[in-house]
Amino acid sequence: MSTNSCIFCNILREKRDNIVLSNKHCFAMFDGYPVSKGHILIIPKRHVSSFFQLELDEVVDAYLLLQEAKKLLDKKFKPAGYNIGVNIGSAAGQTVWHVHIHLIPRYKGDVENPTGGIRNIFPDKGDYTKIL
Ligand code: AMP
Ligand code: ZN
C-alpha cells in the first residue's frame, strides 16, 4: 500500500533527484533536513510505518543499501564514523510514518563529547563511563 499523502511515497513516485541509490525493495536518499553532512535515509519502497513490519527480503535489501550508502559517503565526505538509527513510534521520536533507517555520518569534533553515541538520546545518560 502507498498513500498520496506520504512524503516518502511521493518522493519515490516522482523519482526525485535526492534519491541516490535503489534496489528491488528499498531506496536511499539524502535527508532534506540533515543532522550532519551526508545524512542519508534508507527507505523500504512498501508503505508500512514500523521497522518491525518489514519482511526479511526487505530487511536484507535495506542492509545492502546501508552498505552501498556507506561506501558512497566514505568516498564523498570521508566521515570518521557513523550512527545508524530507526525511530519507531511517536514516543521514540518518529515523525514520518513510512519506515526509514537513518545513516548519520559522524565527524571528529562534531559534538564536544561523543561518548555513548545513540545513548545521547537521553542527554544525561550518554557517557556512562562518568558513573563507573
Ligand atoms: P523520523 O523523525 O525518524 O520519522 O525522521 C524523518 C526524517 O525525514 C527526518 O530526518 C527529516 O529530516 C526527513 N524528512 C522529512 N521531510 C522530508 C522531505 N520532504 N524530504 C527529505 N527528507 C525529509
Ligand atoms: Zn509511504
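Rings of Phe, Tyr and Trp (its six-membered ring) pair if their centres lie within 6.5 Å; planes under 30 degrees apart count as stacked, over 60 as edge-to-face and the rest as tilted. The structure is a predicted model, where local features need pLDDT of at least 70, side-chain atom pairs count only at pLDDT 80 or more, and totals for chains, interfaces and linings use all residues. Residues are numbered from 1 along each chain as its sequence is written, and side-chain values use heavy atoms, with hydrogens and water left out.

**Exercise 1.** Find the aromatic pairs and classify their geometry.

*Solution.* Start with the count: the rule gives 1 aromatic pair. Next, take the partners, Phe51 and Phe52, whose centres are 6.0 Å apart with 85 degrees between the planes, an edge-to-face arrangement. Finally, look at accessibility (buried is under 20% relative accessible area, exposed over 50%, partly exposed in between; 1.4 Å probe, protein chains only). Phe51 is partly exposed at 25%, while Phe52 is exposed at 68%.

**Exercise 2.** Describe the largest nonpolar core, a set of buried Ala, Val, Leu, Ile, Met, Phe, Trp, Tyr and Cys residues joined through side-chain atoms within 4.5 Å.

*Solution.* First, the core has 13 residues, with Ala28, Ile40, Ile42, Leu65 and Ala69 making the most contacts inside it. Then assign elements (DSSP runs numbered from the N terminus: helices, H or I, at least four residues; strands, E, at least two). Strands E2 (26-30), E3 (40-44) and E5 (101-106) and helix H2 (56-77) each give two or more residues. H2 supplies the largest share, 5 residues. Lastly, another core lies apart from this one, with 8 residues including Cys6, Ile11, Phe27 and Ile43.

Notes. Chains are lettered from A and ligands numbered from 1 in the order in which they are written.
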